[in-house]
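Subject: The model I promised you

Hi,

Here is the structure we talked about. Have a look at it first, and then read on for what turned up.

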Amino acid sequence: MKWYKKDQHFLIDEHVLGRITEYGNLNSLDTVLEIGAGFGNLTEKLARKAGKVIAIEVDPELASSLNRFDNVEVIVGDAMKQDFPHFNKVISNLPYSISSPVTFKLLENKFDMGILMYQHEFAERMVAIPGSKDYGRLSIAVQYRANVEIMEVVPRLAFSAPPQVNSAIVRLVPQPPPYEVNDVDFFMKFVTAAFSQRRKKLKNAILNNAAFLGISDKALEKLPPDMIDRRAETISPEELAKLSDILFEEKI
Ligand code: SAM
């Protein structure tokens with residue numbers, strides 16, 4: 001078995017395929033990127049509504065079956081190793097093993113809307129708000145760049161072969177950052193540190209990650225004490241951004 005076969009859960013439920021296409025609100029001016037097109041069951045529906053579909057598929061056998069459509073450009077290869085060509089919508093039943101890196105790679109591009117299938121648990125983490133058990137680095141990093149919404153949960157049996165867990169269709173609409181932060185890379189590192197020990201107070205999580213963040217223990221004295229006595233999961237992204245900005249100034 002080749003390494004990528006594990007990601008081949010083909011969506012066979014016609015109703016779900018139809019609704020994914022509807023959520024995309026397609027017309028002839030749209031250029032749709034599809035990542036992991038498989039044998040083209042979703043591609044076919046997209047190609048009927050959009051002006052053009054660009055389908056990336058790593059499995060050469062599956063990719064060769066995609067040449068049957070007039071308005072589909074097929075790219076045979078690994079989506080993580082390709083520069084994405086211009087597109088304005090991305091609609092895909094994603095290979096789950098690359099859910100996170102491919103989402104952030106997509107968000108480096110300019111586009112209008114994504115309709116993307118993820119594992120349900122991953123989708124819940126994408127849309128989670130402060131105070132919920134799923135809120136964390138993924139929620140903050142995605143919501144910094146896009147509006148995200150779960151459109152529907154899709155049962156395992158909508159696929160052949162059925163994956164182990166349910167899936168969910170997510171609508172992703174890129175947006176300018178909803179709050180300001182001095183250094184985005186440092187902020188993302190800070191968020192990683194803050195959530196590395198979710199059950200602990202923020203001050204302990206920061207102290208245990210001082211070297212990772214490149215700050216001294218003393219830097220903590222600059223942060224509001226009442227705030228760092230809380231757990232990261234109760235603190236909003238905007239508040240975390242303010243704390244990150246203070247620590248960024250204290251970097252050694
Ligand atoms: N779009 C089809 C559907 O909805 O039934 C197939 C979806 S299946 C979940 C994911 C597809 O992505 C498979 O066809 C697999 O070969 C392909 N794939 C896996 N990893 C990939 C990668 N890194 N780049 C491009 N395609 C990939």
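Leaving aside its neighbours within four places in sequence, which residues is His 9 in contact with? The answer is Asn 93 plus a run further along the chain: Phe 159, Ser 160, Ala 161, Pro 162 and Pro 163. Before going on, please keep in mind that this is a predicted model.

His 9 sits in the segment just before strand E1, which covers 10–11. It counts as partly exposed because its relative accessibility is 21%, and the cut-off for buried is under 20%. I picked this residue as a starting point because of the record: an unreviewed UniProt entry has a "binding site" annotation on His 9, Leu 11, Gly 36, Glu 57, Asp 78 and Asn 93. Of these, His 9 and Asn 93 are included in the lining of the largest cavity.

Two of the partners of His 9 have something odd between them. Ser 160 and Ala 161 are joined by a cis peptide bond, with omega at about -15°. Ala 161 is in the loop that runs from strand E8 (159–160) to strand E9 (167–174). That bond would be a good place to start when you look at the model by eye.

Now for Leu 11, also on the annotated list. Leu 11 is in strand E1. Is it buried or exposed? With a relative accessibility of 3%, Leu 11 counts as buried. Not counting residues up to four places away in sequence, it touches Val 16, Leu 17, Ile 20, Asn 41, Asn 93, Met 117, Ala 158 and Phe 159. Asn 93 and Phe 159 therefore turn up beside both residues.Asn 41, one of the contacts of Leu 11, takes us to helix H2 (residues 41–49). The buried residues of that helix are Asn 41, Leu 42, Thr 43, Lys 45, Leu 46 and Ala 47. Their cover includes E1, helix H1 (14–23) and four further strands: E2 (31–35), E3 (52–57), E4 (72–76) and E5 (89–93).

On to the helix pair. How do H7 and H11 cross? The axes of H7 (residues 184–194) and H11 (residues 237–249) come within 9 Å and cross at roughly 110°, which makes H7 roughly perpendicular to H11. From the H7 side, Phe 186, Phe 187 and Phe 190 make the contact, and from H11 it is Pro 237, Leu 240, Ala 241, Leu 243, Ser 244, Leu 247 and Phe 248. The crossing is right-handed.

A few loops are worth a mention too:

- Asn 25 is in the loop between H1 and E2. Its phi is near 50°, a positive value in a residue other than glycine, and Asn 25 is exposed, with a relative accessible area of 57%.
- Leu 107 belongs to the loop between helix H4 (99–106) and strand E6 (113–119). Leu 107 is buried, at 13% relative accessible area. Beyond residues up to four places away in sequence, Leu 107 touches Arg 145, Ala 146, Leu 172 and Pro 174.
- Asp 134 is in the loop between helix H5 (120–127) and helix H6 (137–143). Its C-alpha atom is 6.5 Å from that of Glu 124, which is 10 residues away along the chain. Glu 124 is also among the residues that Asp 134 touches, as are Arg 125, Ala 128 and Ser 139, again not counting residues up to four places away in sequence.

Finally, the overall picture. The chain has 11 helices and 9 strands, and its C-alpha trace spans about 65 × 35 × 35 Å along the principal axes. Of the 252 residues, 51% are buried. Among contacts with a separation of 6 or more, 61% are between residues 24 or more positions apart. UniProt, in an unreviewed entry, puts the feature "domain: Ribosomal RNA adenine methylase transferase N-terminal" at residues 16–176. Over that stretch the chain is 28% helix and 29% strand, with the end C-alpha atoms 30 Å apart.

Cheers

How values were computed:
Residues are numbered from 1 along each chain as its sequence is written. This is a predicted model: local features need pLDDT of at least 70, side-chain atom pairs count only at pLDDT 80 or more; totals for chains, interfaces and linings use all residues. Side-chain values use heavy atoms; hydrogens and water are left out. On a 1 Å grid over the protein atoms alone, a cavity is a set of points where a 1.4 Å probe fits but cannot get out, and a pocket is an open set with protein on both sides within 12 Å along at least five of seven lines; lining residues have an atom within 4 Å of a point. Helices (H or I, at least four residues) and strands (E, at least two) are DSSP runs, numbered from the N terminus. Buried means under 20% relative accessible area, exposed over 50%, partly exposed in between (1.4 Å probe, protein chains only). Contact means heavy atoms within 4.5 Å. Axes are lines fitted to C-alpha atoms, for helices over the stretch in contact, and angles run from 0 to 180 degrees between N-to-C directions. Angles under 35 degrees count as roughly parallel, over 145 as roughly antiparallel, 65 to 115 as roughly perpendicular and the rest as oblique. A crossing is left-handed if the near helix is turned anticlockwise from the far one by less than a right angle, and right-handed if clockwise.
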